[in-house]
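Here is a short walk through one protein model. Keep the structure in view as you read.

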Amino acid sequence: VGESHKLEGTVIAEAFNRQGIAAFVLKYRLPSDSIMIDKSIGPLQDAQQAIKVVRKRAAEWKVNPNQIGLMGFSAGGHLASTAGTHFNKSYIPNPNGTSLRPDFLILVYPVISMQEGLTHGGSKENLLGKQPSAEQTDLFSNELQVAKDTPPTWLTHTGDDTVVPVENSIRFYQALIKNGIPAEMHLYPKGNHGFILNMKPEDWMGPLFVWMR
């Protein structure tokens with residue numbers, strides 16, 4: 001993780017701050033059989049817990065509880081899109097029934113699908129194991145889980161991404177449009193996976209700030 005964690009975390013949070021936007025960096029558990037009962041939902045539990053905490057403490061932190069978005073890069077994009085399509089089921093203790101639905105999603109070269117030929121092999125095996133059932137594969141293929149209440153989404157990706165095929169973003173975008181969800185997507189011809197790591201945040205986040213406003 002190291003440097004990319006910083007460049008896809010604190011550096012981005014600081015760029016939001018410069019725009020007057022509050023940002024939280026979520027450090028979540030990676031899927032692991034050794035520390036969780038069901039590794040397919042471990043990261044999702046952490047994302048849901050983060051949304052719950054920010055929403056519950058919104059007044060204290062002076063943020064709008066109805067404008068809490070979730071942003072994810074690469075495999076983190078799969079987590080964000082999972083939180084944005086699986087929020088009707090609480091995978092954490094939530095006695096007060098706090099809404100776990102992100103109000104919007106920002107997905108940057110995201111892993112979306114677990115389908116063969118589309119997924120990122122490492123992400124799929126880490127999350128679902130070596131031989132997941134067709135049901136598990138479909139459940140965590142988030143392009144198949146988009147519904148009328150999926151949050152508005154902003155996506156970006158490059159056409160020459162050799163790690164996570166751009167088709168992941170395209171399929172998710174198509175599912176959003178089919179369901180009448182407001183979505184914006186910026187596709188670049190070149191830059192490969194992690195293209196933002198070599199740029200200043202403001203050099204690629206400008207359209208995102210406009211969309212958020």
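Start with the sheet. This is a predicted model, and in it 4 strands form an open sheet in the order β1-β2-β3-β4, with parallel pairing. Two strands sit at the edges: β1 and β4 (residues 183-188). Each of these pairs on one side only. On average, neighbouring strands of the sheet are turned by 10 degrees against each other, direction ignored. In general, strands of a sheet pair through backbone hydrogen bonds, either parallel or antiparallel.

A helix lies against this sheet. α9 packs on the sheet and touches β1, β2, β3 (153-158) and β4. The direction of α9 makes about 170 degrees with that of β2.

Now take the strands in pairs. β1 and β2 pair in the parallel sense over 5 bridges. To get from β1 to β2, the chain passes through α5, and this β-α-β crossover is right-handed. Two residue pairs help you find the register. Gly69 stands opposite Phe104 in β2, and Leu70 stands opposite Leu105 in β2. In general, the side chains of a regular strand alternate between the two faces of the sheet.

Move to the other edge. β3 and β4 also pair in the parallel sense, over 6 bridges. Here Thr153 stands opposite Ala183 in β4. The connection runs through a helix again: β3, α8 (residues 167-178) and β4 make a right-handed β-α-β unit.

With the sheet in place, turn to the pocket. What lies nearest the centre of the largest pocket? The residues are Phe24, Gly69, Leu70, Met71 and Gly72, out of 46 that line it. Gly69 and Leu70 have come up already, as the partners of Phe104 and Leu105. The largest pocket holds about 1500 Å³ of space. Several elements give two or more residues to its lining: α1 (2-7), α2 (10-18), α3 (42-56), β1 (69-73), α5 (75-83), β2 (104-108) and α9 (201-212). The largest share, 5 residues, comes from β1.

The edge strand β1 therefore deserves a second look in your viewer. What kinds of residue make up the lining of the largest pocket? They divide into 29 nonpolar, 12 polar and 5 charged.

How values were computed: Residues numbered from 1 in each chain as written. Predicted model: local features only at pLDDT ≥ 70, side-chain atom pairs only at ≥ 80, totals over all residues. Heavy atoms only, no water. 1 Å grid on protein atoms, 1.4 Å probe; cavity = no way out; pocket = protein on both sides within 12 Å on 5 of 7 lines; lining within 4 Å. Points joined across faces, edges and corners; volume = space filled by probe spheres on them. Nonpolar A, V, L, I, M, F, W, Y, C, P; charged D, E, K, R; others polar. Pairing = 2+ DSSP bridges. Right-handed = clockwise from strand over helix to strand, strands pointing away. Axes fitted to C-alpha atoms, helices over the stretch in contact; angles between N-to-C directions. Contact = heavy atoms within 4.5 Å.
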